[in-house]
Amino acid sequence: MNKKLIFYMFAICLFATIFQSCKKDDDIVKTYSVSLQLSYPDDYTAAEGVSVTLTDVSNSTTYTAETDTEGKAIFNVPVGAYEASVTERRSIDRISYNFTGIKDFTVTTSWVETDAVSLDLALSKVAELIIKELYVSGCPKDDGSGTFNYDKYVILYNNSDNEVSLDNVCLAFVIPYNGHASNYDYADGVLFYEAEGWIPAGQGIWYFPDGITLQAGEQIVVALNSAVDNTVTYSNSINFANTDYYCTYDIEVFTSTSYYAAPSSLIPTSHYLSGILFGAGTAWAISTSSPAFFIFATKDMTPTEFCNDASYTNQYNGSTSAANTRKMVPVDWIIDGIEVFKQGTTSQKRLTAAVDAGYIYHIGGVGYTLYRNVDQEATEALEENSGKLVYNYSGGTADQDDGTTDPSGIDAEASIANGARIIYKDTNSTTSDFHQRAKASLRD
């Protein structure tokens, strides 16, 4: 091979090498370090390991990084317009705390890598433990002589994805007992205790034994009066003879045997709730027409310590009578509540907007119950519910004056029987969250 040819071949190779090298340099995309600093609402600290997402809005490329102990996530990204987003969930005292935030920003060639992008987070709270159903007004007696109303019950439900403990969870109602009764807690059209951040629990409370937990989608039935098979005497009533059920039975505290027949032998004694009486009476006198009912959990003390603490005592309308003794339950202890008005009455709210912003009218004495509406979007979004949801719900009472129904159209109980898991609506308003059902779900 002559020297000239060798020279040309060498030159071609050298040019190709230089060309490839230059091409590789051109293909290298410069990236910039971007620090995202999560900014939490007051009284909440940053958490480590929170996933933050950056999305390039021009091509939908996503980048993810986790926060350090100070709530900072660091990315390396090229020039572009980005959307930062984060959703963090925390479970504290049977409440889900959701921190969410979205922010748009642009990375340019003049990006200063030492600067941090602050992402403000908004807070929303959702109860994990909710009141699914409240049945209080009883059913007609078979002979037409009146109403049997010693078959009240409440169903609590774990509406979250987390395990929920019932330790220190209490059942309570407000005095005044009825929404249409005179209410001396109003001053200039406002409940005076709203500004003080508490709700008055009247007469007494019930609380669960320690060690009870509910898994996601599980419920607990609590008979509030005679925990027996009441259908033996009244065919339209409720059968509580079930090993899975719980009951309010503490006959040494609430001594009325007409309200509290000895529970069915099928209900274990370990399923008895304990009662505390700080007012007057022989039975826990929740209204059969219009209760303001709520559940709460004591913090840093037991239910007994709370009820024995005089600093939490309030006397309704300044009365010194034991019948008007109330306990001041801090709003941040309250898990869920429901405000009920009697059909055809002019009533006033007793639960403040921080607990329940709405109310529901109730037609009493005919076996109707107050049942929570289905969150249609959340329930349909569960992959496990494919083919299991039952629609065309017809169990409401919308055909009657003050009657209501579930606007989702999903038959919750039929769907549960079909293997579905229901997510119930929880907007902090009884008006939006509940409807009046024509039949108690325990009779389905």
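Are Asp356 and Lys349 buried or exposed? Both of these residues are buried. Their side chains meet in a salt bridge, with N and O 4.0 Å apart. I shall return to such pairs shortly. Please keep in mind throughout that we are looking at a predicted model.

Let me begin with the overall form. The protein contains 29 strands and five helices. Its radius of gyration is 30 Å, whereas the globule rule gives 22 Å for 444 residues, so the protein is more spread out than a compact globule. Taken along the principal axes, the box filled by the C-alpha atoms is roughly 125 × 50 × 40 Å.

How much of the protein is buried? Buried residues account for 47% of the 444 residues. The accessible surface comes to about 20,800 Å², and carbon and sulfur atoms contribute 49% of that surface. Turning to contacts, consider those between residues at least 6 apart in sequence: 72% of them join residues at least 24 apart.

The protein also carries 27 positive and 56 negative charges. The mean positions of these two sets lie 6 Å apart.

We now come to the salt bridges. How many does the structure hold? The number is twelve. One of them joins Glu413 to Lys132, and the closest N and O atoms of that pair are 2.8 Å apart. This pair links distant parts of the chain, since Glu413 belongs to helix α4, residues 412-417, while Lys132 belongs to strand β9, residues 129-135. The two partners are 281 residues apart.

Why does Glu413 count as buried? Its relative accessibility is 17%, and the limit for a buried residue is under 20%, so Glu413 falls on the buried side. Lys132 counts as buried too, because its relative accessibility is 1%.

Glu413 has further partners. Apart from neighbours within four places in sequence, Glu413 is in contact with Lys132, Tyr371, Tyr424, Arg437, Ser441 and Asp444. Two names on that list, Arg437 and Asp444, deserve a closer look.

The side chains of Asp444 and Arg437 meet in a salt bridge of their own, at 2.6 Å from N to O. Are these two residues buried or exposed? Asp444 has a relative accessibility of 52% and therefore counts as exposed, exposed being over 50%. Arg437, by contrast, counts as buried, because its relative accessibility is 6%. Elsewhere among the salt bridges, shared partners join Asp336, Arg372, Asp426 and Asp433 into one network.

Next, I would like to draw your attention to some loops. Which loop holds Pro41? Pro41 is in the loop between β1, residues 32-39, and β2, residues 51-56. With a relative accessible area of 22%, Pro41 is partly exposed. Not counting residues up to four places away in sequence, Pro41 touches Phe99, Leu121 and Leu123. The C-alpha atom of Pro41 is separated by 29 Å from that of Tyr157, a residue 116 places away along the chain.

Finally, let us consider the backbone. Most peptide bonds are trans, and most residues other than glycine have a negative phi. Against that background, three places may interest you.

The first topic is a peptide bond. Ile175 and Pro176 are joined by a cis peptide bond, with omega about 15°. Pro176 is in the loop between β14, residues 169-173, and β15, residues 186-187.

The next topic is Ser60. Its phi is positive, near 65°, in a residue other than glycine. Where is Ser60 placed? It is in the loop between β2 and β3, the latter being residues 62-66. Ser60 counts as exposed because its relative accessibility is 57%.

The last topic is Asp402. This residue is not a glycine, yet it has a positive phi of about 65°. Asp402 is found in the loop between α3, residues 376-380, and α4. Its relative accessibility is 34%, so Asp402 counts as partly exposed.

To close, I would ask you to take away two points. The protein is more spread out than a compact globule. The salt bridge between Glu413 and Lys132 links distant parts of the chain. Thank you for your attention.

Methods. Residues numbered from 1 in each chain as written. Predicted model: local features only at pLDDT ≥ 70, side-chain atom pairs only at ≥ 80, totals over all residues. Heavy atoms only, no water. Helix = DSSP H or I, 4+ residues; strand = E, 2+ residues; numbered from the N terminus. Buried < 20%, exposed > 50% of the residue type's maximum accessible area, 1.4 Å probe, protein only. Rg over C-alpha atoms; globule rule 2.2 N^0.38 Å. Contact = heavy atoms within 4.5 Å. Areas by Shrake-Rupley, 256 points an atom, 1.4 Å probe, with all protein chains shown as cover. Lys, Arg positive; Asp, Glu negative; His and termini not counted. Charge placed at Lys NZ, Arg CZ, Asp CG, Glu CD.
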